[in-house]
Amino acid sequence: MGDKYKWIGPAYDFLSTIYGGESIHNCKRAMLTVEHVKPGDKVLIAGVGHGKDAIRAAEIGADVTVVDLSETMLTKLQEAVDKHPQDLKIRKIHSDILKVDELEQYDMVIANFFLNVFYEDLMSQILAHLVKLVKPGTGKMVIGDFSYPEGNIIKRNLQKFYWYIAALIFYFATDNAVHKIYNYPELLKKHGLKIKDRKDFSYLGLSCYASVLGEKSAG
Ligand SMILES: C[S@@+](CC[C@H](N)C(=O)[O-])C[C@H]1O[C@@H](n2cnc3c(N)ncnc32)[C@H](O)[C@@H]1O
C-alpha cells in the first residue's frame with residue numbers, strides 16, 4: 001500500500017497552522033464537547049492524520065477508533081499519544097476506510113478535512129459508507145472542512161481562491177483531488193441526516209471552515 005503522505009505527512013499539522021492558524025485545529029475539535037460526546041461513546045475518525053481530534057475524544061473518555069491509509073500519519077498520531085500526560089487508548093486501523101465494515105457501531109463518525117481529498121463520485125461513495133457506520137437513532141456524523149462559499153461575490157471568490165491554493169498544493173504533493181468546494185450540510189441532508197449543530201471558524205477575516213453535525217434517524 002503506497003503512502004502518499006510519506007514526505008508531507010510529518011509536517012502536515014505544522015503546515016495547517018501556517019495556512020489556517022488555529023482555526024483548522026479548532027474546527028476539527030469543535031463537536032468534541034460533553035454536549036455531543038459522553039465517556040464510553042464509540043467514536044470513529046476517518047482519515048485521522050495527526051489526530052488532534054482523536055486525542056480530544058479520548059480525553060473526554062470516548063472509545064476511539066481511527067482509520068488512515070497512511071502509516072506516516074498513524075505514526076505521528078502515536079507520537080502525540082505517547083507524549084500525552086494521560087494514558088490514552090486509541091485503536092488504530094491502517095486501512096482504506098471503505099474496507100472498515102463495522103456497520104451501525106458508532107455513536108459518532110468524524111470526517112475532518114477528509115472528504116475534500118476525493119473527486120465527487122468517490123467522495124459520495126465514501127460519505128455513504130461513513131453514514132452506514134453510524135448507529136441509527138442516536139448516532140451522529142460530523143464533517144469539519146472548508147465551508148461552502150457564501151456571502152457577497154468578493155467573499156465567495158476569496159474563499160474559493162483560498163481553497164484552491166491548498167487543493168493545488170496537495171494535488172502536487174499527494175495527488176489529492178482538485179474540485180469545487182463541497183456543500184457538506186446539503187450532502188448530510190441528502191444522506192438522510194438532520195443537521196443539529198454547526199460551528200464556523202474564520203481566518204484572516206474570512207469564514208473559511210465549518211464543523212457540521214448531523215444526526216441519523218432510526219431505521
Ligand atoms: C487531508 S488529510 C486530513 C487529516 C486529518 N483528518 C486532519 O484534519 O488533519 C487526509 C487524510 O486521509 C487519509 N486517507 C486518504 N484516503 C484514505 C482512505 N481511502 N481511507 C483512509 N484514510 C485515507 C490520508 O492518509 C490523510 O491522512
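**Exercise 1. Packing of helix H6**

Task: In this predicted model, establish which elements the buried residues of H6 pack against, and how those buried residues are arranged about the helix axis.

Solution. Step one is to identify the packing partners: the buried residues of H6 pack against helix H1 (12–20), strand E5 (140–146), strand E6 (193–203) and strand E7 (206–216).

Step two is to list the residues concerned, which in H6 are Gln159, Tyr162, Trp163, Ala166, Ala167, Phe170 and Thr174. Seen down the axis of H6, these buried residues fall within an arc of 130°, so they line one face of the helix. The general background is that an α-helix has 3.6 residues a turn, so residues three or four places apart point the same way.

Step three turns to the other side, where the face of H6 turned away from its buried side carries the exposed residues Ile153, Ile154, Phe161 and Phe172.

**Exercise 2. Length and ends of H6**

Task: Compare the end-to-end reach of H6 with the expected value, and describe what is found at the start of the helix and what follows it.

Solution. Step one concerns length: H6 comprises residues 153–174, 22 residues in number, and reaches 31 Å from its first C-alpha to its last, which is close to the 32 Å expected at 1.5 Å a residue.

Step two concerns the start of H6, where a side-chain oxygen of asparagine 152 comes to within 3.0 Å of the backbone nitrogen of isoleucine 154.

Step three concerns the residue after H6, namely aspartate 175, whose phi is positive, near 65°.

**Exercise 3. Helix H5 beside its partners**

Task: Test whether the span of H5 agrees with the expected value or departs from it, and then name the elements against which its buried residues pack.

Solution. Step one is the span: H5 has 14 residues, which at 1.5 Å a residue should span 20 Å, and its end C-alpha atoms are 20 Å apart, so the two values agree.

Step two is burial, for in H5 the residues Met123, Ile126, Leu127, His129, Leu130, Val131 and Leu133 are buried.

Step three is packing: these buried residues of H5 pack against strand E1 (42–46), strand E4 (108–112), E5, helix H7 (184–190), E6 and E7.

**Exercise 4. The largest pocket and the largest cavity**

Task: Describe the volume and lining of the largest pocket, and then do likewise for the largest cavity, giving its volume and its lining.

Solution. Step one is the pocket, which has a volume of about 960 Å³ and is lined by 49 residues, of which Tyr5, Phe113, Phe114, Val117 and Asn176 lie nearest its centre. The elements giving two or more residues to this lining are H1, helix H2 (23–29), helix H3 (52–60), strand E2 (63–68), helix H5 (120–133) and H6. The largest share, six residues, comes from H1.

Step two is the cavity: the structure holds one cavity of 30 Å³ or more, and the largest cavity has a volume of about 50 Å³. Its lining consists of Asp145, Phe146, Ser147, Tyr148, Tyr182, Tyr184, Pro185, Arg198, Ala210 and Val212, and the elements that contribute two or more residues to this lining are E5, H7 and E7.

**Exercise 5. Arginine 198 at the cavity**

Task: Characterise the place, exposure and contacts of arginine 198.

Solution. Step one places arginine 198 in strand E6 and in the lining of the largest cavity.

Step two classifies its exposure: since its relative accessibility is 34%, arginine 198 counts as partly exposed, as values between 20% and 50% do.

Step three collects its surroundings, for when neighbours within four places in sequence are left aside, arginine 198 is in contact with Met31, Ser147, Pro185, Ala210, Ser211 and Val212. The side chain of arginine 198 also makes a polar contact, at 2.8 Å, with the side chain of aspartate 200.

**Exercise 6. Histidine 179 and leucine 204 in loops**

Task: Decide for histidine 179 and leucine 204 whether each is buried or exposed.

Solution. Step one takes histidine 179, found in the loop between H6 and H7; with a relative accessible area of 11%, histidine 179 is buried. Its side chain reaches the backbone oxygen of asparagine 116 at 2.8 Å, and, neighbours within four places in sequence aside, histidine 179 is in contact with Asn116, Phe118, Trp163 and Tyr164.

Step two takes leucine 204, found in the loop between E6 and E7; with a relative accessible area of 74%, leucine 204 is exposed.

Notes. Residues numbered from 1 in each chain as written. Predicted model: local features only at pLDDT ≥ 70, side-chain atom pairs only at ≥ 80, totals over all residues. Heavy atoms only, no water. Helix = DSSP H or I, 4+ residues; strand = E, 2+ residues; numbered from the N terminus. Expected span 1.5 Å × (residues − 1). Buried < 20%, exposed > 50% of the residue type's maximum accessible area, 1.4 Å probe, protein only. Arc of directions from axis to C-beta. Contact = heavy atoms within 4.5 Å. Polar contact = N/O pair within 3.5 Å; in protein donor to acceptor, adjacent residues only side chain to side chain. 1 Å grid on protein atoms, 1.4 Å probe; cavity = no way out; pocket = protein on both sides within 12 Å on 5 of 7 lines; lining within 4 Å. Points joined across faces, edges and corners; volume = space filled by probe spheres on them.
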